[in-house]
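Student: Could we go through the helices of this model and how they pack against one another?

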Amino acid sequence: MNYLAHLYLSGNNPNIMIGNFIADHIKGNHFSNYNEGIIKGIKLHRLIDAFTDSHPVVEESKKRLRPHFHKYAPVIVDIFYDHFLAKNWNVYHEQPLEEYVNDVYSLMKNNLTILPDKTKNMLPHMIQHDWLLGYGQLEGINRVLTGMSRRAKFESKMEEAAAFLEKDYFLYEKEFQEFFPQLKKFSSETIKIL
């Protein structure tokens, strides 16, 4: 899952949201300087990734993309699934997406001093181009994937991925709708025991 889903799956706990948001920029177990809630968010992020990466429904989505995008297929599926979460946000959350996103941006800006350098460098771009709200539109997905393609170390062709989403849109949406409630249940149960 990508940023929006990770934030959403943190519940309404600001520290867990921060931890879940920064987790990709924290290597190994180098998180002892954070508070308990942020550590919980980092661990939750990793467990969400493991659950997602090994799920048979997600594998169907990845399999469709793998011949063209190879190792980047899982990254692309994460973005596709964030699209469906954003598009159907009112089904999952009572707060309008635009308000939620603005609250997230404020939370991160208010905690800038504790964010890892990579997150600090990425955040202004995320806010300027409004990635989280943009996930709800195909144009926003295309913009995010094109940006990721430019930053990829190897040729990824991610700039072509939005066309694949359009082509098999209903299949990806069906897979998301089957998978996401299971991930939501897994996450809420995991938060209780972390």
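The questions below take up single helices, helix pairs and one loop residue.

Tutor: This is a predicted model, in which local features need pLDDT of at least 70, side-chain atom pairs count only at pLDDT 80 or more, and totals for chains, interfaces and linings use all residues. Residues are numbered from 1 along each chain as its sequence is written, and side-chain values use heavy atoms, with hydrogens and water left out.

Student: How many of the residues of α5 are buried?

Tutor: Helix α5, a DSSP run (H or I, at least four residues) numbered from the N terminus, covers residues 73-87 and reaches 21 Å from its first C-alpha to its last. Buried means under 20% relative accessible area with a 1.4 Å probe and protein chains only, exposed means over 50%, and partly exposed lies in between. The buried residues of α5 include Ile76, Phe80 and His83, and the helix is mostly covered, the number being 12 of its 15 residues.

Student: At what angle do α4 and α5 pack?

Tutor: Contact, meaning heavy atoms within 4.5 Å, is made here by residues including Leu65 and Phe69 of α4 and Val77 and Tyr81 of α5. Axes are lines fitted to C-alpha atoms, for helices over the stretch in contact, and angles run from 0 to 180 degrees between N-to-C directions. The axes of helix α4 (residues 56-69) and α5 are 8 Å apart, and the angle is about 125°.

Student: Which word describes how α2 lies to α3?

Tutor: Helix α2 (residues 14-22) and helix α3 (residues 36-53) pack at an angle of about 50°, with their axes 6 Å apart. Angles under 35 degrees count as roughly parallel, over 145 as roughly antiparallel, 65 to 115 as roughly perpendicular and the rest as oblique. The angle between α2 and α3 therefore makes α2 oblique to α3.

Student: Which helices do the buried residues of α10 pack against?

Tutor: Helix α10 (residues 138-151) has 14 residues and reaches 20 Å from its first C-alpha to its last. Among its buried residues are Ile141, Val144, Leu145 and Met148. The partners of the buried residues of α10 are α5, α9 (131-134) and α11 (161-167).

Student: Is asparagine 33 buried or exposed?

Tutor: Asparagine 33 lies in the loop between α2 and α3, and its C-alpha atom is separated by 17 Å from that of methionine 108, 75 residues apart along the chain. With a relative accessible area of 64%, asparagine 33 is exposed.

Terms used. Helix = DSSP H or I, 4+ residues; strand = E, 2+ residues; numbered from the N terminus. Expected span 1.5 Å × (residues − 1).
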